[in-house]
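Let's take a walk through a protein model together, one part at a time. Keep the picture open beside you as you read.

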Amino acid sequence: MNYQESLDFLFQALPMFQRVGGSAFKKDLSNTFKLCERLGQPQNNFKSIHIAGTNGKGSTAHALASVLQEAGYKTGLYTSPHLKSFRERIKINGKEIPESEVIAFVKDHQAYLTALKPSFFEMTVALAFDHFSKQKVDYAIIETGMGGRFDSTNVIQPILSLITNIGMDHTQFLGDTLDKIAFEKAGIIKAGVPVIIGQTHPLTAGVFTQRAEETQSPITFADQGVKVTSRRSEANEGHVANAVYQIKPAMGSLQEISMDLLGKYQIKNLPAILKALEILQAMGLEIKDTHIAKGLSQIKRNTGLKGRWQILSQSPLTICDTGHNIDGFESILSQVEELDRETLFFVLGMVVDKDQDQILSLLPKKGVYVFCQADQPRSLPAEQLMEKAKTYGLSGTCIPDVNQALEYAKKSAGNRDLIFIGGSTFVVAELNEL
């Protein structure tokens, strides 16, 4: 098998949530345990930090990985979904897993995988753990996929658990209320392992506290102890490379933090990131203030993170973001409004199993919309999205191809306008300019 044939096997022979949605979701860890047993329990050969949450878990995972890399630790990073390349999901010190490792994994285990019939995600988790074990990483940052309790990553015994926040997403799988979703996410809390909750919410705090008491896990609500404020508005500063935040109380000598992730929603992620680093320091990790400052200021460079409030061009200002649920879009639209642009162009696509109505109801009626669809089975047809948008007073045109839709917006927009591309991770993933 060559690399493409190996990918074809993984993508086509096994159910993949990214493509088929709910039929790939299983509330059962048995396949992952079987895979880990076959591989010699690789998840036990490195220390890990486990991250769950509705929004922000990807940014948080990359931020922590960047700081650990700056501190000199060989750092594994497992995230999902990927944008451009399957290998983005599995990295060590920012470098993607080599094609040869993917080929070897499929070659060695193809017959077993065919017989076991694990999901795509279960297989990818096993591949990541196997790679991290063989490469003898010091620490691995492991991001859950969708939930927590039955997420395939939940076979690890981490040194620290972190739950960023809870919002209404994947409700058909995780529950239709915030406390039900919190219960699923709280499943990553392990006996005696410290857990950080990024954002306190009256409907979910009790769920986390109860789980922590049951497992005798020290629990910290990060936003209650760390206050983060934006020192400089990013409005009209699309050229700025970093956003600057003030933190109280100071972390060592650091009273300000500079981040190269420009989305203002990072202000919600920072308290948990900083509290996690503080706890890791207390555990004995040699993480200095200089490592934190440098690591957070060049997350994209160190880890290759893409698609988070990413500026694609300046004239007209063109920005993409993978935010795709109600909480994510509220933050995105708040920042869009601050940019004070003459006309707002939205290149918009969504998937069929999301609540499009909630997001469409938020979008500005004065915007100009170009409706598109990513080239994958879960995409909502652009025509259907346009018709649904009309019921919310949103008007525009339908150009299904994502890049053709962007080109149309570019030709229509002036230098003082803004083009935003998003609505779905898969729309952002198809951008040629990413």
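## A proline between two strands

Pro316 sits in the loop that links strand 12 to strand 13. Keep in mind that this is a predicted model. What is the form of the peptide bond from Ser315 to Pro316? This bond is cis, with omega near -5 degrees.

There is another cis bond to find, joining Ser80 and Pro81, with omega about -10 degrees. Pro81 also belongs to a loop, between strand 2 (75–78) and strand 3.

## The sheet of six strands

Strands 12 and 13 bring us to an open sheet of 6 strands, arranged in the order 12-13-17-14-15-16, with mixed pairing. Which strands stand at the edges? They are strand 12 (310–314) and strand 16 (396–398); each has a single partner strand, so one side of each is left without a neighbour in the sheet. From one strand to the next, the twist averages 15 degrees.

Look now at strand 13 (residues 317–320) and strand 17 (residues 418–422), which pair in the parallel sense over 4 bridges. Within this pairing, Ile319 has Phe420 in strand 17 as its bridge partner.

Helices lie across this sheet too. Helix 16 (residues 382–390) crosses strand 14 (344–348), strand 15 (368–371) and strand 16, and runs at about 160 degrees to strand 16. Helix 17 (residues 402–412) lies across strands 13, 14, 15, 16 and 17, running at about 170 degrees to strand 14.

## The sheet of eight strands

Another open sheet is built from 8 strands in the order 4-3-2-5-1-6-7-8, and its pairing is mixed. At its edges are strand 4 (95–96) and strand 8 (219–221), each pairing on one side only.

How do strand 3 (residues 90–92) and strand 4 pair? They run in the antiparallel sense, joined over 2 bridges. Here Lys91 stands opposite Glu96 in strand 4.

This sheet has a helix lying across it as well. Helix 11 (residues 266–282) spans strand 1 (47–52), strand 6 (160–163), strand 7 (195–197) and strand 8, and runs at about 170 degrees to strand 6.

## A helix with a bend

Next, find helix 5 (residues 99–116). With 18 residues at 1.5 Å a residue, helix 5 should span 26 Å, and its end C-alpha atoms are 23 Å apart, which agrees. Where does helix 5 bend? The bend is at His109 and amounts to about 65 degrees. His109 is also among the buried residues of this helix, along with Val102, Phe105, Val106, Leu113 and Leu116. Just after helix 5 comes Lys117, with a positive phi near 55 degrees.

## Two more positive phi values

Lys117 has company. Gln41 and Trp309 are residues other than glycine with positive phi values, and each lies in a loop. The table sets these two side by side.

| Residue | Phi | Loop location | Relative accessible area |
|---|---|---|---|
| Gln41 | near 55 degrees | between helix 3 (30–38) and strand 1 | 30%, partly exposed |
| Trp309 | near 40 degrees | between helix 13 (299–303) and strand 12 | 4%, buried |

Is Trp309 buried or exposed? With a relative accessible area of 4%, Trp309 is under the 20% cut-off and therefore counts as buried. Gln41, at 30%, is partly exposed because its value falls between 20% and 50%.

## Cysteines and a buried serine

A disulfide is a covalent bond between the sulfur atoms of two cysteines. How many disulfides does a search of the whole structure find? The search finds 0. Take Cys372, which is in no disulfide: the nearest cysteine sulfur, that of Cys398, is 8.8 Å away. A disulfide would need the two sulfur atoms within 2.5 Å, so this pair does not qualify. Cys372 is buried, at 0% relative accessibility. Cys36 is likewise buried, with a value of 0%.

Finally, visit Ser66 in helix 4 (residues 57–70). Ser66 has 0% relative accessibility and so counts as buried. Which residues does Ser66 touch, not counting those up to four places away in sequence? They are Gly295, Gln298, Ile299, Asn302 and Thr303.

Terms used
Residues numbered from 1 in each chain as written. Predicted model: local features only at pLDDT ≥ 70, side-chain atom pairs only at ≥ 80, totals over all residues. Heavy atoms only, no water. Pairing = 2+ DSSP bridges. Axes fitted to C-alpha atoms, helices over the stretch in contact; angles between N-to-C directions. Contact = heavy atoms within 4.5 Å. Buried < 20%, exposed > 50% of the residue type's maximum accessible area, 1.4 Å probe, protein only. Expected span 1.5 Å × (residues − 1). Bend = angle between axes of the 7 residues up to and from the residue.
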